[in-house]
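Please work through the following exercises with the structure open beside you, and try each task before reading its solution.

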Amino acid sequence: MSDKSQVIGIDEHLGAIAQARHTATEKGLKPPGVAFVHVSQTDELPVLSDSVDSVISMWSLHSGSKRQLEEKKIGNEIWRVVKPGGRVVLGEDIPENLRSKLVIDAVYDHGSQTEVIVNDLSTATNIGANTKSSYRFHVVKPTRREEDGNVPLESALRDWWLAFPVPVSEVPYLDCSDVAKMVGSGSGERGDYVVVDVRRKDHAGGHVRGSVQCPAQTFYDDLQSFHERFGEKKQVIFYCGSSHGRGPRCARWYQDYLNDKGDTKSEAFVMRGGIKEWKERFGRDDALTDRDAD
C-alpha cells in the first residue's frame, strides 16, 4: 500500500479492535494509514460521505427484532461512504434495502457494470428476493458528472481520534497563571515539569516559552518514546488551542500509560484555557510567550 493509502477496519467488539491495533502496531502500521474503529451495527459509520474507494463487508447480522434496524442502517451507511465509482463487496447477509439500492441505482438507472458472485448457483435468480442463501455481491457505485469532481482527503475518518482507544483517566487542570509562575521561575530547567503543545501548524503563531511540540494526531503511537523522554518530569502539562479537545485527550492518554506502567513519579495535567487564554494574558510578555522564526 502506498503512503497515501488508507485502510479502515470496523468491528463492534472492543476486544477485536484492541487485538487488531496491537497486531498493526507490531507490524509498524499506524493511523491514519491503517486505523481500527469500534462501531456497533446500528451506529452511523464515523466515515465521511463519498470518501472510500471500496467497502468490503463480511458483517453478519443479528437475528430477531434488531435485524431490520441493522439492515436499514448498514445499507444506507455503506452506500453513503463509498465514493462515486467506488466498489462494494458484501458477503453472506446482504441488507435488503442495500440490495435493492445496488440493483436499481447501479444497474437500471445508471447502467453500471454489476457482478454477482454466487456460492450456490440456484440462488442466482433470487438476488432481488428475501433469501438467506450465501453469496457475494460486487457492484460499482454510479459516478458523478466530471464537473462534480472529488476532493482529496487526508483521512476518510470523520474524526482522527477515533482510530485510537478512548482514554479513561481523569486529569487535573492548572490555571494559566500557575503555569506562568513555573515558566518564570525556571523550575523546568531543574526537571520539575514540562509543558507540551499538542497543536500542529498553529504552534508557529505563538506558544508557551520552553514548551515542546508533540502533535496530538501522532501522540498515542509515540507514548513509549514520549515517556522515555519526559517520564522523570513530575508534572507534564498539556495544552492545545482552548484545551477542550486535543490537550485533555493527550493528557488522559499519558496518564493511562503511567497508570498501566504503575509509574507514580510523573503526572499529567491540562493547562486550562489553552494557548488562547495564555496569549490573552501573556502574549506580549516575551519571557513567557515565544514564536517560531519566520
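**Exercise 1: a helix pair**

Determine how helix α4 (residues 176-185) and helix α8 (residues 274-282) are arranged, and which residues join them.

Solution. In this predicted model, the axes of α4 and α8 come within 10 Å and cross at roughly 70°. Angles of 65 to 115 degrees count as roughly perpendicular, and α4 and α8 are therefore roughly perpendicular to each other. The crossing of these two helices, α4 and α8, is right-handed. On the α4 side the contact is made by Cys176, Ser177, Val179, Ala180 and Val183, while α8 contributes Gly274, Glu277, Trp278, Arg281 and Phe282. Sorted by class, the contact of α4 with α8 has six nonpolar, two polar and two charged residues.

**Exercise 2: a second helix pair**

Work out the arrangement of α6 and α7 and the classes of residue in their contact.

Solution. The axes of α6 and α7 come within 11 Å and cross at roughly 80°, and the two helices, α6 and α7, are therefore roughly perpendicular to each other. From α6, the residues Leu223, Gln224, Phe226, His227 and Phe230 meet Trp253, Tyr254, Tyr257 and Leu258 in α7. By class, this contact of α6 with α7 has seven nonpolar, two polar and no charged residues.

**Exercise 3: a pocket**

Describe the second largest pocket by its volume and its lining.

Solution. The second largest pocket has a volume of about 610 Å³ and is lined by 26 residues, of which Thr25, Pro165, Tyr220, Asp221 and Leu223 lie nearest its centre. At least two lining residues are supplied by each of α1 (14-26), β2 (34-38), α6 (223-230) and α7 (246-261). By class, the lining of this second largest pocket has 16 nonpolar, three polar and seven charged residues.

Definitions and conventions: Residues are numbered from 1 along each chain as its sequence is written. This is a predicted model: local features need pLDDT of at least 70, side-chain atom pairs count only at pLDDT 80 or more; totals for chains, interfaces and linings use all residues. Side-chain values use heavy atoms; hydrogens and water are left out. Axes are lines fitted to C-alpha atoms, for helices over the stretch in contact, and angles run from 0 to 180 degrees between N-to-C directions. Helices (H or I, at least four residues) and strands (E, at least two) are DSSP runs, numbered from the N terminus. Angles under 35 degrees count as roughly parallel, over 145 as roughly antiparallel, 65 to 115 as roughly perpendicular and the rest as oblique. A crossing is left-handed if the near helix is turned anticlockwise from the far one by less than a right angle, and right-handed if clockwise. Contact means heavy atoms within 4.5 Å. Ala, Val, Leu, Ile, Met, Phe, Trp, Tyr, Cys and Pro count as nonpolar, Asp, Glu, Lys and Arg as charged, and the others, Gly among them, as polar. On a 1 Å grid over the protein atoms alone, a cavity is a set of points where a 1.4 Å probe fits but cannot get out, and a pocket is an open set with protein on both sides within 12 Å along at least five of seven lines; lining residues have an atom within 4 Å of a point. Grid points are joined across faces, edges and corners, and a volume is the space filled by probe spheres set on the points.
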